[in-house]
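I opened a fresh page for this structure. I wanted to look up its core, its rings, its helices and its odd backbone spots.

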Amino acid sequence: MAVCDPLRSPQRPLRLLLVMETQPFNFEVTARDGEARAGLLKTRRGEIETPVFMPVGTAGTVKGIRFEELESPELDARIILGNTYHLWLRPGIETIKAGGGLHKFIGWERAMLTDSGGFQVWSLGALRKISEEGTEFRSHIDGVKCFLSPEISMEVQTALDGEIAMAFDECAPGEATLEEARRSMELTLRWAKRSKEAFDVIAGRDAGGPQAGMPALPGRQALFGIVQGASHLDLRRESLARTVEIGFDGYAIGGLSVGEEKPVMLEVIEEIAPRMPAGKPRYLMGVGTPEDLLEAVARGVDMFDCVLPTRNGRNGQAFTSRGRLNIKNARYTDDQLPLDEACGCSVCRRHTRAFLRHLYQSGEMLASILLTHHNLAFFLDTMRRVRQAIRSGQYAKFRREYTEQLSSGLG
């Protein structure tokens, strides 16, 4: 079998080396309101206020928006995601390394978090085969047989050089039985230990200096562990305890928003988030809507990512303070209002619903660009307001009023 791995074979043994002593970041909780927390995450590429929403940059780009816009005072995204699976397959790690690492290659100088590739491989369904060693799958690009393991994921993520890397995990479906969820959780825990061991070896190997062409930065990469267990709370608690025993720089709740009912998702978050180490960042992976973010913040979560603002924007949907707006709807043909009268983003200050609908119906790419910009502005502004409410001790009031307005409808 040809292994789709530009760096190393999964059978190649790792040498034991010393681990860097420098800390990857400094995280401080600066305010609390109930379980909700406001904090400051200081990384080698800038400071990030939490709770934070992280736009998803699947293939080295946040779809439909330039980095200049993301860096502007209007959006001011301090951290984005990079997708290990997609970047590994195309353009390939050697190309990215030749370009000086992912930040330099794509032209983004702020912080990045890279996922492990586990979820993307899991989502391939019948195209993948999971074993103890790792996951064998066929590339969605050209059908070539590939293999991804904890060790390869760590090699790829350290080459990408994001501020935060994720342990390689296996995601059980939301409706998984107790037996299926336990089997998946146990595999994730074994992979977490292998991820940590491989990550520490690579960190020690690279302690002498940066890779060729890459900038020397203070501090090392961080590695987060992932809590699994599907909808089974006892498994989630066990997964958390055993993941903390391995020891990571931060912890994530994975395996949600994969088909389970919303009350089930919130029950898992409520049970697990407050139990996560208080001095480490808490990350809820792949979630979600503005309502989801507020509910998770109330339960103690610090970090979020989701494709909804960009994906929905490309498909003609805008998030507004009064709910979702489908610009394809004929009712907006002559509507001279902005997408959201309560929004101060540049799209809402300049353009009408009627114009945006015209662009979308005409197949103009500008429609997707403008809707994506507005949606990201809406999500990022929501998180700014969340942080302010926590700091002022008014989060419960803010959450109630925000949710009521969302439910009031567009009229």
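My entries follow, topic by topic.

**Entry 1: the model**

I noted at the start that this is a predicted model.

**Entry 2: the nonpolar core**

I began with the largest nonpolar core. Which of its members touch the most others? I found Leu70 and Tyr395, out of 94 residues in that core. Next I looked up where the core residues come from. Helix H14, residues 365–391, gives the largest share, with 12 residues. I also found another core, apart from this one, with 21 residues. Val52, Met54, Leu113 and Ile164 are among them. I wrote a general reminder beside this entry. In soluble globular proteins, nonpolar side chains tend to be buried together.

Then I went back to Tyr395. I left aside its neighbours within four places in sequence. What remains in contact with Tyr395? My list reads Asp33, Ala36, Leu294, Val297, Ala298, Val386, Ala389 and Ile390.

**Entry 3: aromatic pairs**

How many aromatic pairs does the structure hold? I wrote down 12. I described two of them in full. As a general rule, a pair of aromatic rings is described by the distance of the centres and the angle of the planes.

I took Phe53 and Phe379 to begin with. Their ring centres are 5.0 Å apart and their planes stand at 50°, so I logged the pair as tilted. Phe53 sits in strand E4, residues 52–54, while Phe379 sits in helix H14. The two are 326 residues apart in sequence, so the pair ties together parts that are that far apart along the chain. Buried or exposed? I found Phe53 buried, and Phe379 too.

Then I took Phe378 and Tyr402. Here the centres are 6.5 Å apart and the planes are at 35°, so this pair is tilted as well. Phe378 belongs to helix H14 and Tyr402 to helix H15, residues 395–407. They are 24 residues apart, and the pair links distant parts of the chain. Both Phe378 and Tyr402 are buried.

Which residues do ring pairs link into a cluster? I listed Phe53, Phe319, Phe378, Phe379, Tyr395, Phe398 and Tyr402.

**Entry 4: two helices packed together**

I looked at helix H13, residues 353–361, against H14. They pack at an angle of about 135°, and their axes are 7 Å apart. That angle makes H13 oblique to H14. I noted a left-handed crossing where H13 passes H14. From H13, the contact uses Leu356, Leu359 and Tyr360. From H14, it uses Leu366, Ala367 and Leu370.

**Entry 5: helix H10 and Leu294**

Leu294 was on my list for Tyr395, so I looked it up separately. Leu294 lies in helix H10, residues 290–298. Its relative accessibility is 0%, so Leu294 counts as buried. I again left aside neighbours within four places in sequence. Leu294 is then in contact with Thr382, Val386, Tyr395, Phe398, Arg399, Tyr402 and Thr403. I also checked Leu294 against Trp122. They are 172 residues apart in sequence and 28 Å apart in space, C-alpha to C-alpha.

Why did I log H10 as largely enclosed by the rest of the structure? Eight of the nine residues of H10 are buried, so the label fits. I wrote the buried ones down as Pro290, Asp292, Leu293, Leu294, Glu295, Ala296, Val297 and Ala298. After H10 comes Gly300, with a positive phi near 105°.

**Entry 6: cis peptide bonds**

I found a cis peptide bond between Thr50 and Pro51, with omega about 0°. Pro51 is in the loop between strand E3, 46–50, and E4. I found a cis peptide bond between Arg90 and Pro91 too, with omega about 15°. Pro91 is in the loop between helix H2, 84–89, and helix H3, 93–98.

**Entry 7: positive phi outside glycine**

Asp76 is not a glycine, yet its phi is positive, near 50°. I placed Asp76 in the loop between helix H1, 67–71, and strand E6, 79–82. Its relative accessibility is 25%, so Asp76 counts as partly exposed.

Ala230 is not a glycine either, and its phi is positive at about 55°. I placed Ala230 in the loop between strand E12, 222–227, and helix H8, 233–246. Is Ala230 buried or exposed? At 3% relative accessibility, Ala230 counts as buried.

Methods: Residues are numbered from 1 along each chain as its sequence is written. This is a predicted model: local features need pLDDT of at least 70, side-chain atom pairs count only at pLDDT 80 or more; totals for chains, interfaces and linings use all residues. Side-chain values use heavy atoms; hydrogens and water are left out. A nonpolar core is a set of buried Ala, Val, Leu, Ile, Met, Phe, Trp, Tyr and Cys residues joined through side-chain atoms within 4.5 Å. Buried means under 20% relative accessible area, exposed over 50%, partly exposed in between (1.4 Å probe, protein chains only). Helices (H or I, at least four residues) and strands (E, at least two) are DSSP runs, numbered from the N terminus. Contact means heavy atoms within 4.5 Å. Rings of Phe, Tyr and Trp (its six-membered ring) pair if their centres lie within 6.5 Å; planes under 30 degrees apart count as stacked, over 60 as edge-to-face and the rest as tilted. Axes are lines fitted to C-alpha atoms, for helices over the stretch in contact, and angles run from 0 to 180 degrees between N-to-C directions. Angles under 35 degrees count as roughly parallel, over 145 as roughly antiparallel, 65 to 115 as roughly perpendicular and the rest as oblique. A crossing is left-handed if the near helix is turned anticlockwise from the far one by less than a right angle, and right-handed if clockwise.
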